[in-house]
Amino acid sequence: MSGFKGLSSSQAWSGFKGLSGSLGGSGFLGFAVRRLVGAVVTLLAISVIIYLVFYVAPGNVAQITCGPRCSPAQVHQVTEQLKLDDPLYLRYWHFLEGIFAGQDYSTGTSVQHCGAPCLGLSYQSDQQVTQLIWAKLPVTLSLVFGAMVLWLVIGVGTGVLSAWRRGRISERVLTGITLAGTATPVFVIGLVLMIIVCGQLQWLPFPQYVPFAEDPEQWAWNLLLPWLSLALIEAAKYARLTRASMLETLAEDHVRTFRAYGVGERSIIGRHALRGAVAPVIALNANDFGSAIGGAVLTETMFGLPGIGRELVHAVNVVDLPVVVGVVLVTGFFVVLANAVADVLYAVADRRVVLT
């Protein structure tokens with residue numbers, strides 16, 4: 001206490017606030033570092049599982065990787081490329097080395113260098129898997145990001161309106177719609193929308209992907225139907241979560257105090273109840289974003305969009321193992337990244353998380 005002698009009360013208070021602010025900042029930085037380290041460890045664990053599942057599978061891995069029509073010479077070449085004669089730990093090390101440092105592949109007459117991150121070569125097209133995925137990834141990200149915006153707007157908006165109109169007919173109607181949306185598969189909604197919107201009413205064209213750089217308007221216009229198909233399914237979960245979180249917040253003591261002091265209902269919902277629903281929505285959105293990237297197979301196949309989901313289906317059909325492994329790894333990366341970002345945003349929304 002002697003250190004505070006001679007200071008005025010305002011100077012002592014400002015010094016205390018500066019100290020607490022610096023501690024809070026370091027706490028948040030430590031939280032972010034822990035989440036980053038956890039994400040890296042999770043990615044390494046995913047790579048181990050994927051490698052064991054695909055490259056240590058029972059049977060002739062070189063034959064499976066190369067395909068059923070490969071000659072014995074080609075199978076031998078695949079064995080040398082993947083170093084399948086080496087011990088398991090060395091094979092996995094070469095796998096990681098290719099991702100972080102690149103690798104050289106013999107294509108028979110020449111040697112092709114695959115720069116980092118290298119996920120191997122497609123045995124159907126001799127194209128680098130990384131380049132193949134990079135060419136398809138903008139389609140999938142366009143689909144998922146657009147759908148995410150719609151399901152947040154529709155879901156959170158419906159949840160807020162449902163909590164605000166609690167006990168009324170409109171609230172019951174909205175609850176019934178969200179329950180029906182949760183129980184309906186995405187391909188059913190997609191087919192119904194295509195038949196009605198594109199076929200009978202002809203309000204929208206049948207989806208045909210147009211790059212954003214070429215024509216932003218046509219890009220959005222052609223993706224609107226796939227966005228709606230994904231968003232209407234996901235929005236139902238957000239409506240139910242937002243409604244439950246807001247009703248819980250509206251029943252708390254401080255909200256009753258605001259009402260007793262005459263604070264308007266719109267202000268209570270917008271400034272206090274909705275803030276309490278933000279944190280769980282962030283956590284759920286991270287999981288759904290990663291799941292949507294991994295689950296884009298059905299949507300892209302149904303609407304004919306050339307994304308990584310459709311590429312995965314093609315790779316499975318022709319037994320192109322490097323492409324399958326590459327798509328699964330990239331999908332896992334986005335799932336882990338989305339959850340790490342969500343943890344940080346969750347901490348920003350609720351600083352109590354930093355202390356855990």
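This report covers the aromatic pairs and helix H7 of a predicted model.

**Aromatic pairs**

Eight aromatic pairs occur in the structure. Two of them are set out below.

| Pair | Geometry | Centre to centre | Angle between planes |
|---|---|---|---|
| Phe145 and Phe289 | tilted | 5.1 Å | 50° |
| Phe333 and Phe334 | edge-to-face | 5.5 Å | 75° |

The pair of Phe145 and Phe289 ties together parts that are 144 residues apart in sequence, because Phe145 lies in helix H5 (residues 129-164) and Phe289 in helix H10 (residues 265-294). Phe145 is partly exposed, at a relative accessible area of 40%, whereas Phe289 is buried, at 9%.

In the other tabulated pair, Phe333 is partly exposed, with 39% relative accessibility. Its partner Phe334 has a relative accessible area of 13% and is therefore buried, the cut-off being under 20%.

Elsewhere, Tyr51, Tyr92 and Phe95 are linked into a cluster by ring pairs.

**Helix H7**

Helix H7 covers residues 186-200. With 15 residues at 1.5 Å a residue, H7 should span 21 Å, and the 20 Å between its end C-alpha atoms agrees with this.

The buried residues in H7 are Val186, Ile189, Gly190, Leu193, Met194, Val197 and Cys198. An α-helix has 3.6 residues a turn, so residues three or four places apart point the same way. The buried residues of H7 pack against two helices, H8 (216-250) and H11 (296-303). After H7 comes Gln202, which has a positive phi, near 55°.

Methods
Residues numbered from 1 in each chain as written. Predicted model: local features only at pLDDT ≥ 70, side-chain atom pairs only at ≥ 80, totals over all residues. Heavy atoms only, no water. Phe/Tyr/Trp six-rings, centres within 6.5 Å; stacked < 30°, edge-to-face > 60°. Helix = DSSP H or I, 4+ residues; strand = E, 2+ residues; numbered from the N terminus. Buried < 20%, exposed > 50% of the residue type's maximum accessible area, 1.4 Å probe, protein only. Expected span 1.5 Å × (residues − 1). Contact = heavy atoms within 4.5 Å.
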